[in-house]
Amino acid sequence: MYNYNNTSNKIPLSVPQIIGNEWTYIKECLDSGWVSSAGKFVEKFEQDCCNYTGSKYAVACVNGTSALHVSLILAGVKSDEEVLVPTLTFIAPINVVAYIGAKPVFMDCDDYYNMNVEKVESFLKHNTYYKNGFTFNKITKKRIAAIIPVHVFGNAVDMDSLLKICSEYNIKIIEDATESLGTTYNTGQFAIRQTGTIGHFGCLSFNGNKIITTGGGGMILTNNREYADRARYLTTQAKDDVIKYIHNEVGFNYRLTNIQAAMGVAQLENLSEFIKIKKQNYTTYKNTIDNIDGLVLTAVPKYADNNYWMYALQIDEKVYGKNTQQLMMKFSKYNIETRPVWYLNHLQKPFKRCQTYNIEKAYKMYESTLNIPCSVNLKSEEINQIISVLDHA
Ligand SMILES: *Cc1c(COP(=O)(O)O)cnc(C)c1O
């Protein structure tokens, strides 16, 4: 069997871990002929995601981006309305706002790379007005219809604060939990909840670089039966009569295939184990890295139990003596793959004319951060090798 993980001495940033029942379940699809968007694994994968996260409903999609797209439509966001988004994140949750002709308004981040909830509150307080039960932007006069908090790198956003604010301003919450499957949120005040089940919608991704993968795939989580039914309807071409092919709305071909779902079922069986290993590796990294002058591994928010999807190293260039680019180049000499965080979205060409609110910290986090290898199969020798590269700056 071809094993791409062992063909070179390279230490990749993040590779999938395929060690469970993937072959068995996928073979079952091939043997039975159920390879497309119907079949028992799609339903099973949805049910398993409900069981794992505690969500009432789950609707499988072709990828995380399509899950976000459909969620925005279900949240009732119309073209020419506005959606609050973080500037520091992968671009997918910003692109989906553009798909429906709405406009993103960019927010700053906090110490955990997440949307800064205090600044969101301050923006809503000072820059909007409330009329007929809805919130409007003072400058553009457009309705602010939704917000997409992203649980970046698996760190949970402070959801209780956000829930409170958004219910006050009547803004729908679509959690981008594509990086945080398995992260739990617990302020001690309410029951422990999984990220993706706290807002009106939660979106998951099963892309190859995520904590579990189906090659490509996604999921919409919701506790609302009507939303779930409509999600299923819109992701299957909005078919109103399956015999006569009557369609009363514009739908999408966004359903996951049975083969992909079969892989997802197998991957999900190992998620708890993956998180356990990732946590151990995080602790090993953290205990050593935080003792190196000028370096710190990003902490986990107090109110969360992380899935430890991606480890973020913060570099204080003045103390450490190297900046992000220089350290990345040094790593690549040792065949170790690292990656800077995403370029800020409010600076990206399609979005650079969009409104922003007090973006400060995101610049600093962008400049000072490097993601280091985080695959589940990382060996302790490899972790030691990575640490020794960091230690001999
Ligand atoms: C991966 C990712 C997505 C999109 O997921 P796909 O399955 O690749 O479409 C969306 N948002 C964030 C923050 C992501 O990291």
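Mentor: Let's start with a cut-off: a disulfide is a pair of cysteine sulfur atoms within 2.5 Å. Keep in mind that this is a predicted model.

Trainee: How many disulfides does a search of the whole structure find?

Mentor: Zero.

Trainee: What makes C29 and C49 too far for a bond?

Mentor: C49 holds the cysteine sulfur closest to that of C29, and the two are 16 Å apart. A disulfide needs them within 2.5 Å, so this pair is out.

Trainee: And how do you know that C203 is in no disulfide?

Mentor: Its nearest cysteine sulfur belongs to C61 and is 7.5 Å away. The limit is 2.5 Å, so that pair doesn't count either.

Trainee: Why is C29 called buried?

Mentor: Buried means under 20% relative accessible area, and C29 has 1%, so the label fits. C203 is buried too, at 0%.

Trainee: On to the ligand. What makes the T65 pair a polar contact?

Mentor: A polar side-chain atom of T65 sits 2.5 Å from a ligand oxygen. The cut-off for N or O atoms is 3.5 Å, so the pair qualifies. D176 passes as well: an N or O atom of its side chain is 2.7 Å from a ligand nitrogen. K210 has a polar side-chain atom 3.3 Å from a ligand oxygen, so that also falls within 3.5 Å.

Trainee: How much of the ligand's own accessible area does the protein cover?

Mentor: 92% of 380 Å². Two elements, α3 (64-74) and α4 (92-99), give two or more residues to the surrounding shell. The most come from α3, with three.

Note on methods:
Residues numbered from 1 in each chain as written. Predicted model: local features only at pLDDT ≥ 70, side-chain atom pairs only at ≥ 80, totals over all residues. Heavy atoms only, no water. Polar contact = N/O pair within 3.5 Å; in protein donor to acceptor, adjacent residues only side chain to side chain. Areas by Shrake-Rupley, 256 points an atom, 1.4 Å probe, with all protein chains shown as cover. Helix = DSSP H or I, 4+ residues; strand = E, 2+ residues; numbered from the N terminus. Buried < 20%, exposed > 50% of the residue type's maximum accessible area, 1.4 Å probe, protein only.
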